[in-house]
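Visitor: May I request a close look at one part of this model, together with what surrounds it? I am a first-year student, and I should be grateful for one connected explanation.

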Amino acid sequence: MANKAVHLPVVGFGGTLRKDAWWAGPAVTAAILLAFIGYATFRAFENDFFAIDPYLSPFYSPLIPTAGFGIPFLSPAMLILPGPAGFRLTCYYYRKAYYRSLAMDPPACAVGERSAHRYNGETKLLLFQNLHRFALYVAVLFLVFLWHDVWVALWWKTGPAADAPRTFGVGMGTVVLFLNSTFLSFYTFSCHSWRHLVGGSLDSFSTAVFGRFRHSMWRGVSRLNAHHMAFAWISLFGVGLSDFYVRLVASGTITDVRFF
Ligand code: FES
């Protein structure tokens, strides 16, 4: 029997035959992304409560003092946030998230898009997405700073003087910064570009230089890569909450708990 052609109805924006709550995912995604962007923007302009010894907010790390620049409203956060923001903006997972939730182009599978147009791929306006591998190098550099902050958060002053000796200690803020760096590391090293870099680009591990080592790395990264979406969200919440925690302590709203 000859196959019969199936004619789907022509649909406009949001039109679909789907009966499930397809809009819930994009709506929640948009709400979270916009809330995070709003909070990060507020903190970048606030330029206060970002550090209290021995803690430094991840939004302000590395800390580059801007007071001497003579530029109104310029905060240290504004200088460094483009680095991690560029990494997330060009992330292969986040592209799907914001194409659907913010651009609604289309908002979901089998749902009418915002405006019908020819598919251009990631060319023209979206060509910058190809810079992701370079954003990865920057992100790895930021991890070095963030892990250094965790190390610094382990050494507490023994007196009020600026040059007072320091002693080993762990507070709630240390734990918060440690978890933040851990989740950001999982997010960074589960990146598709990182996977390509450590071994995905090879045709043959057995003939490549350090092939056995790179194969082990590639297998490990592949396991992480399967959870990249989860790491993307956990680390986004993590970095926002870490900054919020430092802000609460630095502003005197709460008192940090020191475990030992
Ligand atoms: S693909 Fe998401 S960070 Fe590289």
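**A helix, its loop and its surroundings**

Guide: Pro106 lies in the loop that runs between helix 4 (92-101) and helix 5 (132-152). The model is a predicted one, and this loop, with helix 4 before it, will be the part under examination. The bond that joins Asp105 to Pro106 is a cis peptide bond, its omega being about -5°. Met104 belongs to the loop between helix 4 and helix 5 as well, and its phi is near 50°, a positive value in a residue other than glycine. Both features deserve attention because most residues other than glycine have a negative phi, and most peptide bonds are trans. As to its surroundings, Met104 has a relative accessibility of 31%; this falls between the 20% limit for buried and the 50% limit for exposed, so the residue counts as partly exposed.

Each of these features has a counterpart elsewhere in the chain. A cis peptide bond also leads from Asp53 to Pro54, with omega near 5°; Pro54 is placed in the loop between strand 1 (51-52) and strand 2 (55-56). A positive phi, near 55°, is also found at Phe210, which is not a glycine. Phe210 sits in the loop between helix 7 (192-200) and helix 8 (211-225). With a relative accessible area of 64%, which is over 50%, Phe210 is therefore exposed.

We now step back from the loop to helix 4. Its buried residues are Tyr93, Tyr94, Arg95, Ala97, Tyr98 and Ser101. The elements that cover them include helix 1 (24-46), helix 3 (82-89), helix 5, helix 6 (172-189) and helix 9 (228-250).

One of these neighbours, helix 1, can be followed in detail. Two packed helices are described by the angle between their axes and the distance between the axes. For helix 1 and helix 4, the angle is about 105° and the axes are 9 Å apart. Since angles of 65 to 115 degrees count as roughly perpendicular, helix 1 is described as roughly perpendicular to helix 4. At the contact, helix 1 contributes Pro26, Thr29, Ala30 and Leu33, while helix 4 contributes Tyr94, Ala97, Tyr98, Arg100 and Ser101. By class, these contact residues comprise 6 nonpolar, 2 polar and 1 charged. A rule about helices is helpful here: an α-helix has 3.6 residues a turn, so residues three or four places apart point the same way. With that rule in mind, one may look again at Tyr94, Ala97, Tyr98 and Ser101, which are among the buried residues of helix 4 and also meet helix 1.

At the far end of the loop, helix 5 contains His132. Its relative accessibility is 2%, under the 20% limit, so His132 counts as buried. Leaving aside residues up to four places away in sequence, His132 touches Phe87, Thr90, Cys91, Tyr92, Arg95, Cys191 and Ser193. Arg95, one of these partners, is also one of the buried residues of helix 4.

Two pockets complete this view. The largest holds about 690 Å³ of space. It is lined by 28 residues, and those closest to its centre are Phe36, Pro84, Ala85, Arg88 and Leu236. Helix 1, helix 3, helix 4, helix 5, helix 6 and helix 9 each give two or more residues to that lining. Helix 3 supplies the largest share, 6 residues. Sorted by class, the lining has 23 nonpolar, 4 polar and 1 charged residues. The second largest pocket has a volume of about 450 Å³. Among its 17 lining residues, Tyr99, Asp105, His117, Gly121 and Leu126 lie nearest the centre. Asp105 thus returns us to the loop, for it is the residue joined to Pro106 by the cis bond. The classes in this second lining are 6 nonpolar, 4 polar and 7 charged residues.

Finally, the part may be set within the whole. The protein has 9 helices and 4 strands, which follow one another along the sequence as α-β-β-α-α-α-α-β-β-α-α-α-α. Of its 260 residues, 37% count as buried. Among contacts with a separation of 6 or more, 67% are between residues 24 or more positions apart. Along the principal axes, the C-alpha trace spans about 90 × 50 × 40 Å.

Notes: Residues numbered from 1 in each chain as written. Predicted model: local features only at pLDDT ≥ 70, side-chain atom pairs only at ≥ 80, totals over all residues. Heavy atoms only, no water. Buried < 20%, exposed > 50% of the residue type's maximum accessible area, 1.4 Å probe, protein only. Contact = heavy atoms within 4.5 Å. 1 Å grid on protein atoms, 1.4 Å probe; cavity = no way out; pocket = protein on both sides within 12 Å on 5 of 7 lines; lining within 4 Å. Points joined across faces, edges and corners; volume = space filled by probe spheres on them. Nonpolar A, V, L, I, M, F, W, Y, C, P; charged D, E, K, R; others polar. Axes fitted to C-alpha atoms, helices over the stretch in contact; angles between N-to-C directions. Parallel < 35°, antiparallel > 145°, perpendicular 65-115°, else oblique.
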